[in-house]
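Welcome! Take a moment to look over the sequence and the structure, and then let us walk through them together.

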Amino acid sequence: MTKKTEELAHFAVTIISKDRPGIVADTTEVLYRLGCNIEDSSCTMLGGDFAMILIVTHDKPFPKIRLADEFRLLHERTGLTVHLRTLHEDELKHPSEEGELCLISVYGSDRPGIVYQVTRTLADHKINITDLNTRLIGTQEEPVYVLMLEAVLPQGMTVDATSALLETHRNELQVEISVRTITPVSL
Amino acid sequence: MPPQPILTYPHPVLKKIAKPVTVIDDAILALISDLLDTMKTGPGSVGVAAPQIGVSLRACVVDVSNNRLGKENNHGLLVMLNPEIVARSGSAVMREGCMSIPDYTGEVERATAVTVRFMVGTGKVYEFEAIGFEAVAIQHEMDHLDGILFLDRIVSLKTGLFRRKSYN
């Protein structure tokens, strides 16, 4: 890695910790103290863990090692684990979401391959996932898998056509799949 | 008057409670005309409230008749002065965006039907029930008159589609 790249002040920070109150405060305290800005973030409970993904920038060139050192101390103190990656400038911009936004729900008796099969079909048709959640619900005897995702349809693709693309999975995976538009209303 | 620029947050007028229109004079008629012109030029715009163009008065315009979601049920082009919601019923969540908060959308819960009373530019008072998307648009625009933005009403995070409870 060149020195120039090393000093780019854009990072992806991923943090996972056994859940407890204070994970966000501990993490953002470090960032605040170092003068880093949180440009974008998504944080949620996953199982008994709390996961944070943040895009962090600094106004000036900033060595990754400084962040790493600080988070190592936090790890030693609290046990949370951190992964850092330097980002290039073009990874900071939100790509424009031109097409229709839809929500696809998939659910049925749990079985291997539900996420893979559905998302492979979407990928093959250039349908870009912007958000995705999965969860195992139901009982131990009858586990039910729920997949909810938001995706942007490419130009020319409709909600009905997308629904039709997924028809084979309805039969093969024995799951319910519905596709509906959630394109925001502009007021 | 030409269409006016839409003010974006954090312009302070957007968080102010707007004053009632007390007299319909040339200034109010000009405001109505500005609101209509501004709505017409906004891409896909279905409503504009006076605070969005910098005027802290209780006036807004709504027209969902050209929108896919509103074309079935609407009252056409509405000019609303001192609008009041006198009854509301039902509730539904819709993902809203606002010209005053670019690049952000969120799930907002609104009444599915509202009975609204308002004055028009001639001074006449109307009252009717709006349903569906027209009801949503009226509630959104009327919120602007009270300094309320859709950000104040978001009911769930995008990632909160299903709430996680216990894991066994």
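The paragraphs below go through the sheets, the helices, the contact between the chains and the nonpolar cores.

Keep in mind from the start that this is a predicted model. A good place to begin is chain A, where four strands form an open sheet in the order S2-S3-S1-S4, with antiparallel pairing. Which strands stand at the edges of this sheet? They are strand S2, residues 36–46, and strand S4, residues 81–86, and each of them pairs on one side only. Going from one strand to the next, the twist averages 15°.

Now look at how the strands of this sheet are joined. Strand S1 of chain A, residues 10–18, runs antiparallel to strand S3 of chain A, residues 49–58, and nine bridges join the two. To find a spot along this pairing, look for A:Thr14, which stands opposite A:Ile53 in S3(A). On another side of the story, S2(A) and S3(A) are paired in the antiparallel sense over 10 bridges. Here A:Cys43 stands opposite A:Met52 in S3(A). S2(A) and S3(A) also make a hairpin, with two residues between them. In its turn you will find A:Gly47, which has a positive phi of about 60°.

Two helices go with this sheet. Helix H2 of chain A, residues 23–34, lies across S1, S2 and S3 of chain A and runs at about 165° to S2(A). Does the length of H2(A) come out longer, shorter or as expected for its residues? At 1.5 Å a residue, its 12 residues should span 16 Å, and the end C-alpha atoms are 17 Å apart, which agrees. Just after H2(A) comes A:Gly35, and its phi is positive, near 80°. Helix H3 of chain A, residues 64–78, lies across S1 and S4 of chain A, running at about 170° to S4(A).

Chain A has another open sheet of four strands, in the order S6-S7-S5-S8, again with antiparallel pairing. S6 and strand S8 (175–181) of chain A are at the edges with a single partner strand each, so one side of each is left without a neighbour in the sheet. The twist in this sheet averages 15° from one strand to the next. Between S6(A) and S7(A) there are 10 bridges, in the antiparallel sense, and A:Thr134 stands opposite A:Leu147 in S7(A). Helix H4 of chain A, residues 114–124, packs on the sheet and touches strand S5 (101–109), S6, S7 and S8 of chain A. The direction of H4(A) makes about 20° with that of S7(A).

Let us pause at one residue of this sheet, A:Leu103, found in strand S5 of chain A. Is A:Leu103 buried, exposed or partly exposed? It has 17 C-beta neighbours inside 10 Å, and so A:Leu103 counts as partly exposed, since a buried residue would need 20 or more. A:Leu103 and A:Leu149 are 46 residues apart along the chain, yet their C-alpha atoms are separated by 5.7 Å. Leaving out residues up to four places away in sequence, A:Leu103 touches A:Met148, A:Glu150, A:Arg180 and A:Ile182.

Next, see where the two chains meet. Here 15 residues of chain A are in contact with 20 residues of chain B. On the chain A side, the elements that give two or more residues are S2, strand S6 (128–138), strand S7 (143–152) and strand S9 (185–186). The residues on that side divide into seven nonpolar, six polar and two charged. A strand pairing also links the chains: S9(A) and strand S4 of chain B, residues 92–98, pair in the parallel sense over two bridges. A:Val185 has B:Glu96 in S4(B) as its bridge partner.

Finally, turn to the cores. In soluble globular proteins, nonpolar side chains tend to be buried together. The largest nonpolar core in this model has 37 residues, and those with the most contacts inside it are B:Leu35, B:Cys60 and B:Val62. Several elements of chain B each supply at least two residues of this core, among them helix H1 (26–41), strand S3 (78–89) and helix H2 (132–145). The largest share, seven residues, comes from H2(B). A second, separate core has 15 residues, including A:Ile127, A:Tyr145, A:Ala151 and A:Val179.

Note on methods
Residues are numbered from 1 along each chain as its sequence is written. Chains are lettered from A and ligands numbered from 1 in the order in which they are written. This is a predicted model: local features need pLDDT of at least 70, side-chain atom pairs count only at pLDDT 80 or more; totals for chains, interfaces and linings use all residues. Two strands pair if DSSP finds at least two bridges between them. Axes are lines fitted to C-alpha atoms, for helices over the stretch in contact, and angles run from 0 to 180 degrees between N-to-C directions. Two residues are in contact if their C-beta atoms, placed from the backbone, lie within 7 Å. Ala, Val, Leu, Ile, Met, Phe, Trp, Tyr, Cys and Pro count as nonpolar, Asp, Glu, Lys and Arg as charged, and the others, Gly among them, as polar. The expected span of a helix is 1.5 Å times one less than its number of residues. A nonpolar core is a set of buried Ala, Val, Leu, Ile, Met, Phe, Trp, Tyr and Cys residues joined through C-beta atoms within 7 Å. A residue is buried if 20 or more other C-beta atoms lie within 10 Å of its own, exposed if 12 or fewer, and partly exposed in between; C-beta atoms are placed from the backbone.
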